[in-house]
Amino acid sequence: MQFEELCQPLRLRLLLAASPSSGRTASSPREEAAEPAATEGEPERFHLVPLKGWDRHIRGMRCAARNTIKWKGAGPAPAAPHPCWLLPTSGLAAMAIAEQQDHLCSLGWRLLTCAPHVVRRLDDKAALRGHAERCGLLQYLPEPYASPESARYPCILKSATGEFGQDCHIVNSASEALDVTRDGFGTRWVLQELVRGCIEYSTSLLVHDGRILDAICMEYEYGSEAYVYPNVRKVGKAHRDAPAEHLAAMEAFLRDYSGICNFNYKLRPDGRICVFEVNARVGGDLAIDVPRQRARALFELLDGLAPGGAASSASAPQPPPASAPAPVEAAPFVVEPRDGVHRYTLVYLHPFKSGLDDYARKAHFFRTDGLRLVMPRAPRIAVTCCEGRRMLSWYDYLTDSNGHAEDELDQTSLAEARANLFAVLDAERARLQEAGCSDGTADAETRLFVGGCSQGCGAALDVALNYHVQLGGFIGVVGHPLSATPLGRHLGMPMHFFCGAKDKVMRWSWVRDCIESLRRAGYREVVVHGPLPGVHHVVSRQQEADWLREALRQCTSEPGGLARACGEVRGEAAWRKAATEKK
């Protein structure tokens, strides 16, 4: 296979992994107000070990990540405070996690790791060269020197296992090299070409089974062309997009590897990468220098992998089938079942403009035993009533009634979103069948639900009522059925609407008639929760998650199933009481 052919699927995977941040422009009352990004009180989801003094920076990602545990890989391993990810910040910790993965899983840790020899051949500088030679990748490494006598000076002398620039030297003669290696050159040291240039790159990768799922590149400029970090003045740094051909070269090194890793390299005059080292751990670039929102996206993507210990149990994102309609703007955000057992799926659509950032920050509220939550991202389209500005929207608004009536919409844009979301439902039905939750197509469909918030509510119901088979149910939060949606299909599908008495965007005065139109059309299972006193249009994510679980509990009833997992949430009477007390 030619190199360019290798690059093509990689470009597609990275496009799917990308999650562009959603800029917010003001002015329509239907636009969702973002909640504060605080994570106080949220249980830790990621622990990076050992302690490196990075905790302040790690916490800045605002995804419940910490760097506070001192365990370096030796001695008794700590028990997880609750199921969360254990990620290495050193080569020793990476090896220990790989070697002790079964034991660590028994202690409650979630891991993305692989066989110890795979970690060693990347993290050990001497072993990396042998691995590159076996794979035909030596053109991406500095020229090696077998002995101090055969080297061209100045050159680099470094320990095979050093980290963060430790035991790395620029030497100018054989005698200097021998002075450093007084105990013998052997296999403990690597002697290699000094690659000049003041620009160096550090790319952090999220990898599953040798495939790159996400990549973040940092470019660093230094005050010298010949240096050993950190003994050099840093002039500047910038977040860059790594070209697909560079990432394809890196992926060629990563056969059988799973985990986070880091490539340090410069560029040759012909554009090839020249890799100094590969670190099988979280690097300082990801922990400190990468923009916090972008770093958080990588960790959220990791958290979307299926739990259950070793990486072999994780589910890597798959490209859409060639026959699928044009995809929405980015891959869906996924919250996997809390207990690792996939029994049900809820495809849930976010509100107009708001995107998924807030849901990603607060995904812990939505984690439920047995439930896979799939949240697609709306396309970015021109919105007519907002002077043509491009926004995340499931369809184009033609008018803005300022919350006093239903807004007119563009039918063509709604049909396009519908086709895209049909493909998402098809994929989730297939996944439910593969998970062993059904012995036939019909049963898989009863375990698949759709829902949405605000604009996402109307779009989700439109998709459910136009889908070619009846699904397990629908859940709408502070939204309404669309007048443009044809009625008459799937009359037995359960529908739940959560409406607020103080909602000034989807006002009960007209939303009530939209919902009643469903009953008039013959829909037998329409349940309205509300209008709930004290509830406005913008609701907290915790409240939203409670409502979703309550509706799912009512839609499912088999013993030990989702109904049981959702049984701990507050009932509607409790919500009404709490809302009344707030008034």
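User: Which residue in S9 does serine 202 stand opposite?

Analyst: Serine 202 faces methionine 218 in S9. Please note that this is a predicted model.

User: How do S8 and S9 pair, and over how many bridges?

Analyst: Strand S8 and strand S9, the latter covering residues 211-222, pair in the antiparallel sense over 10 bridges.

User: What lies between S8 and S9?

Analyst: Two residues separate them, and the two strands form a hairpin. In the turn, aspartate 209 has a positive phi of about 55 degrees.

User: Which other strand is joined to S8, and by how many bridges?

Analyst: Strand S11 (residues 259-267) is joined to S8 by seven bridges, and the two run antiparallel. Within this pairing, leucine 205 stands opposite cysteine 261 of S11.

User: Is S8 enclosed or not, and why?

Analyst: Strand S8 spans residues 199-208, and nine of its 10 residues are buried, so it is largely enclosed by the rest of the structure.

User: What is the strand order of the sheet?

Analyst: The order is S10-S9-S8-S11-S12, in an open sheet of five strands with antiparallel pairing. S10 (234-240) and S12 are the edge strands; each has a single partner strand, so one side of each is left without a neighbour in the sheet. From one strand to the next, the twist averages 25 degrees.

User: How many bridges join S9 to S10?

Analyst: Six bridges join S9 to S10, and these strands run antiparallel. Glutamate 221 stands opposite glycine 236 in S10.

User: Let us turn to the helices. Which residues of H5 are buried?

Analyst: Helix H5 covers residues 116-123, and its buried residues are Val118, Val119, Arg121, Leu122 and Asp123.

User: What do the buried residues of H5 pack against?

Analyst: They pack against three helices, H3 (91-99), H6 (125-135) and H8 (244-253), and against strand S12 (273-279). Strand S12 is also one of the edge strands of the sheet described above.

User: At what angle do the axes of H5 and H6 cross?

Analyst: The axes of H5 and H6 cross at roughly 100 degrees and come within 5 Å. That angle makes H5 roughly perpendicular to H6, because angles of 65 to 115 degrees are classed in this way.

User: Which residues meet where H5 contacts H6?

Analyst: From H5, Arg120, Arg121, Leu122 and Asp123 meet Lys125, Ala127, Leu128 and His131 of H6. The residues of this contact divide into three nonpolar, one polar and four charged. Arg121, Leu122 and Asp123 are also among the buried residues of H5.

How values were computed. Residues numbered from 1 in each chain as written. Predicted model: local features only at pLDDT ≥ 70, side-chain atom pairs only at ≥ 80, totals over all residues. Heavy atoms only, no water. Buried < 20%, exposed > 50% of the residue type's maximum accessible area, 1.4 Å probe, protein only. Helix = DSSP H or I, 4+ residues; strand = E, 2+ residues; numbered from the N terminus. Contact = heavy atoms within 4.5 Å. Pairing = 2+ DSSP bridges. Axes fitted to C-alpha atoms, helices over the stretch in contact; angles between N-to-C directions. Parallel < 35°, antiparallel > 145°, perpendicular 65-115°, else oblique. Nonpolar A, V, L, I, M, F, W, Y, C, P; charged D, E, K, R; others polar.
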